[in-house]
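Student: I would like a close look at a single part of this model, taken slowly and with the cut-offs stated. Please start from that one place and then connect it to other parts of the chain.

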Amino acid sequence: MRLKNIRILSVFLILFLLTFCIYTQSVITGEQKDFLWKVQSKTSTVYVLGSIHFLKKDIYPLDKKIENAFDRSNILVVEANINDMNQINVEKLMGGILYPDNDTLENHVSRETYELIKKEMGRFRIPPELINKQKPWILALTLTSLKLIEMGYDPNYGIDMHFLLKAEGKKKISELESLDYQINLFADLSDKEQELFLLYTLKEINLLEQEIDKLVQAWIAGDTKGIEFIMNKDIEEDKNMEAIYEKFLYERNRNMALKIEDFLKTKDTYFVIVGAGHLVGKKGIIEILREKGYPVEQL
């Protein structure tokens with residue numbers, strides 16, 4: 001796997017949460033809202049934008065409210081700076097992605113799962129010997145990314161990438177987490193958890209093709225209820241997902257909210273971009289900040 005292909009990992013949470021059972025219905029009442037919030041303290045303003053990491057070129061230009069909030073900010077904050085490849089420990093990365101020595105995928109998943117992934121990846125002409133060396137989590141992310149690219153969605157048009165390129169050389173760029181941290185989240189999963197993640201991806205990959213446009217429209221409309229519906233439905237249908245959601249979503253939400261709270265103690269203006277799934281629901285970043293007493297407004 002070429003190092004440049006690590007960028008597919010920017011799909012992490014939003015795709016993990018929104019490819020299982022994508023169905024949204026945009027609800028627009030009164031003035032249309034963006035997937036953008038303004039959080040304030042006595043000294044600082046933090047704009048928080050929900051992101052989709054794979055989009056089409058025709059999504060641009062973005063709403064002026066979003067671009068204006070970026071222009072008013074002096075610091076851009078992303079989950080992980082996917083343009084800063086110098087932070088990656090290649091040896092450690094490969095250890096998290098590939099099985100060592102003579103170990104293979106067949107030793108870690110059921111025969112049924114192995115045959116399913118071999119069949120699906122075969123559509124993209126990925127050789128069996130390469131499939132067999134990769135761990136289930138990276139195969140799941142690779143498959144989702146390849147499917148999105150096949151449908152015309154491109155990580156180069158993702159919200160994160162758009163603003164990272166605009167900020168380069170003009171604004172300070174900071175991170176809520178890091179790419180290394182996000183890779184470790186997946187690499188540290190047990191064999192059972194990795195296989196579950198891969199099976200969900202295999203099961204629901206066709207729904208992605210059918211419903212991704214509805215997802216994008218929900219994002220454009222600022223439809224938080226639609227995104228929340230998707231997430232809650234996954235847990236209601238499979239209680240095994242609760243532990244994974246806690247690790248991949250809720251715990252990270254709490255940690256990221258703490259970092260945003262630190263930003264609010266400064267005198268700077270921040271533009272924070274985080275996967276849209278992190279922002280909605282009672283355990284989402286926005287509600288956490290509200291409960292802490294900060295004025296929060298969806299723009």
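Which backbone nitrogen lies 2.9 Å from a polar atom of the side chain of Asp223?

Tutor: It is the backbone nitrogen of Gly226 that lies 2.9 Å from a polar atom of the Asp223 side chain, a polar contact (N or O atoms within 3.5 Å, one able to donate a hydrogen and the other to accept it; neighbours in sequence count only through side-chain atoms on both sides). This is a predicted model, in which local features need pLDDT of at least 70 and side-chain atom pairs pLDDT 80 or more, whereas totals for chains, interfaces and linings use all residues. Residues are numbered from 1 along each chain as its sequence is written, and side-chain values use heavy atoms, with hydrogens and water left out.

Asp223 sits in the loop between helix H9 (191-220) and helix H10 (224-237); helices and strands are DSSP runs of at least four (H or I) and at least two (E) residues, numbered from the N terminus. Asp223 is buried but has no salt bridge, and the nearest side chain of opposite charge, that of Lys225, is 8.6 Å away. Here buried means under 20% relative accessible area, exposed over 50%, and partly exposed in between (1.4 Å probe, protein chains only); a salt bridge needs a Lys or Arg side-chain nitrogen within 4 Å of an Asp or Glu carboxyl oxygen, and Lys and Arg count as positive, Asp and Glu as negative, with His and the chain ends not counted.

Elsewhere, that salt-bridge rule gives a count of 14. One of them joins Glu261 and Lys292, at 3.3 Å from N to O, and this pair links distant parts of the chain, 31 residues apart, with Glu261 in helix H11 (residues 241-263) and Lys292 in the loop between helix H12 (285-291) and strand S6 (296-298). Glu261, at 15% relative accessibility, is buried, whereas Lys292, at 38%, is partly exposed. Within H12, Glu287 and Arg290 lie 3 residues apart, about one turn of the helix, and form a salt bridge with their closest N and O atoms 3.7 Å apart; Glu287 has a relative accessible area of 26% and is partly exposed, and Arg290 is partly exposed at 38%. Salt bridges that share partners also join Glu106, Arg111, Glu115 and Lys118 into one network. In that network, Arg111 and Glu115 meet at 2.8 Å, N to O, and both lie in helix H4 (residues 111-122), 4 residues apart.

Another aspartate with a side-chain contact to a backbone nitrogen is Asp63, which caps the N-terminal end of helix H2, with a side-chain oxygen 2.8 Å from the backbone nitrogen of Lys65. The buried residues of H2 (residues 64-72) are Ile66, Glu67, Ala69 and Phe70. They lie on the same side of H2, because they cover an arc of only 160° around the axis, taken from the directions from the helix axis to the C-beta atoms.

Burial also marks strand S2 (residues 45-51): 7 of its 7 residues are buried, so S2 is largely enclosed by the rest of the structure. Thr45, Tyr47, Leu49 and Ser51 point one way, and Val46, Val48 and Gly50 the other way. S2 pairs (at least two DSSP bridges) with strand S1 (residues 36-40) in the antiparallel sense over 5 bridges, with Trp37 opposite Val48, while 7 bridges join S2 to the parallel strand S5 (residues 269-275), where Phe271 is the bridge partner of Tyr47.
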